[in-house]
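Biologist: I should be grateful for a close look at one part of this model, a single residue in its setting. Please start from its place in the chain and work outward through its neighbours.

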Amino acid sequence: MRTFHPPRRVLLGPGPSEVSSRVLLAGARPTIGHLDPAFIGLMDEIKGGLTRLFRAPQHACLPLPGPGTAGMEAAIMNLLEPGQAIVVAVNGVFGRRMGEMAERAGAEVIRVEHAMGEPVDPARVEAALWARGAKALAFVHAETSTGVVSDPGPLCALAREHGALSIVDCVTSLGGIPVDAAGWGADVLYSGTQKCLSAPPGLSPFALGPRAREAVAARKTRARTWLYDFDLLMGYWSGTGGRSYHHTAPINALYSLHEALVALEEEGVDQAFARHRRVHEGFVAGVEALGLRLPVAPAARLPQLNVVEAPLGVDEARARALMLDRFGVEIGGGLGDWAGRVWRVGLMGASATPGHVRLFLEAMASALNAQGHASNVQVALDAADARFGPV
């Protein structure tokens, strides 16, 4: 074996996003013990930063070891017991994954299916909740497979009205668009560090509200997970009179998350949201000037995850390969029903800049022209710059 030196890439896919030098360097600081008093102080600062970012003053907020899927598993395995019912709104690949995970927990899963590219419809969810009393309602705030945003407020309100807990997947939303646990009345939320937070993959920010904590305490059976058993985790993350050993925390990954939260607060969370929106608008203008189409209706589009249709006669995988080889630009292909038909372009966190959009347009125009689909890159750049406004 030899030392691995990764190639330099520009990450414009569905995740991970670009990680800034300051966040990478933070992760390279000296490792200390996971029960060291200095490290416990860092943990408390991370909890505070996540509490502010989730807007969740009454929730227990902490980062779980593992990617966003770890948060999904922790939410479902802690809240559901065998035989209980859960309504899952499915409007993409990750909603479908929530249903599959709930089945593994032994739950009865009532799926509310939507077409790819559509936001979750509260009326259809309400009909499912009326038809069958459910312990929980689960849905994706920002569906990574389609670039669609759903409104959590009405959905969480429906859950409360029907005596159900709400589980909100915020993997691609946290840090890119507002997440408002308190305002929505959401019970459980989870995210990932590798999207709009622009930290390395491997941690899942998680928020557990008062109603959810009561439900966990009232379980008749133990959670079907040990690593993500919330009672055990809380003994380590907020134990009184000294924290109990649960697992060896990913210390250096937590350094990076802490620095990413510091950077976000320095920029200002609202300013970060505005930046994502502005960059998205320039991206849309440039892409449309290339003659490409975005299949999601404008009102339902995520600014940080953009889905673009591949034109007839253009091999989307070949285009992605050319962009990677010639420009070092990584974008994603479609998932589920959209596999082979679309590109997924992430403008998340540190990747959400006008410069990244300009490079994408140059790379995409080259890839399209290579397959005989005439594209004028200068027209696209001018259209994007007009939306970006003065530098």
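Modeller: A helix here is a DSSP run of H or I with at least four residues, a strand is a run of E with at least two, and both are numbered from the N terminus. The model is a predicted one. With these terms, the residue to begin with is Trp-338, which is placed in the loop between β13 (332-333) and β14. Its relative accessibility is 7%; since buried means under 20%, Trp-338 counts as buried. Leaving aside residues up to four places away in sequence, Trp-338 is in contact with Met-116, Gly-117, Ser-145, Thr-146, Pro-295, Val-296 and Val-307. Gly-355 is 17 residues from Trp-338 along the chain, and the C-alpha atoms of the two are 28 Å apart.

The contacts of Trp-338 lead to a cavity. Thr-146, Pro-295, Val-296 and Val-307 are among the residues that Trp-338 touches, and these four also belong to the lining of the largest cavity. That cavity has a volume of about 40 Å³ and is one of 2 cavities of 30 Å³ or more in the structure. Its lining also includes Gly-147, His-280, Leu-294, Arg-301, Leu-302, Leu-305 and Asn-306. Strand β11 supplies the largest share of this lining, with 3 residues. By class, the lining comprises 6 nonpolar, 4 polar and 1 charged residues.

His-280, a lining residue of the largest cavity, is in turn one of the buried residues of helix α11. This helix covers residues 269-289, and its 21 residues should span 30 Å at 1.5 Å a residue; the end C-alpha atoms lie 31 Å apart, in agreement with that expectation. Other buried positions in α11 include Ala-272, Phe-273, His-276, Val-279 and Phe-283. The buried residues of α11 pack against α10 (251-267), β11 (305-309), β14 (342-346), α13 (354-370) and α14 (377-388). Just after α11, Gly-291 adopts a positive phi of about 85 degrees.

Two of these partners, α13 and α14, flank the loop that holds Gln-371. At 17% relative accessibility, Gln-371 also counts as buried. Residues up to four places away in sequence aside, Gln-371 touches Gly-313, Val-314, Asp-315, Arg-318 and Ala-319.

The second largest cavity completes the account. It holds about 30 Å³ of space and is lined by Pro-63, Leu-64, Pro-65, Leu-203, Trp-237, His-247, Ala-249, Pro-250 and Leu-254. β2 gives the most to this lining, with 3 residues, and by class the lining has 8 nonpolar, 1 polar and no charged residues. Leu-203, from the lining, is also a residue of strand β10. Because 6 of the 6 residues of β10 (residues 203-208) are buried, that strand is largely enclosed by the rest of the structure. Leu-203, Pro-205 and Ala-207 point to one side of β10, while Ser-204, Phe-206 and Leu-208 point the other way. Strand β2 (residues 60-65) pairs with β10 in the antiparallel sense over 6 bridges, and Cys-61 has Ala-207 as its bridge partner. Strand β9 (residues 188-190) is also antiparallel to β10, with 3 bridges between them, and there Val-188 stands opposite Leu-208.

How values were computed: Residues are numbered from 1 along each chain as its sequence is written. This is a predicted model: local features need pLDDT of at least 70, side-chain atom pairs count only at pLDDT 80 or more; totals for chains, interfaces and linings use all residues. Side-chain values use heavy atoms; hydrogens and water are left out. The expected span of a helix is 1.5 Å times one less than its number of residues. Buried means under 20% relative accessible area, exposed over 50%, partly exposed in between (1.4 Å probe, protein chains only). Contact means heavy atoms within 4.5 Å. Two strands pair if DSSP finds at least two bridges between them. On a 1 Å grid over the protein atoms alone, a cavity is a set of points where a 1.4 Å probe fits but cannot get out, and a pocket is an open set with protein on both sides within 12 Å along at least five of seven lines; lining residues have an atom within 4 Å of a point. Grid points are joined across faces, edges and corners, and a volume is the space filled by probe spheres set on the points. Ala, Val, Leu, Ile, Met, Phe, Trp, Tyr, Cys and Pro count as nonpolar, Asp, Glu, Lys and Arg as charged, and the others, Gly among them, as polar.
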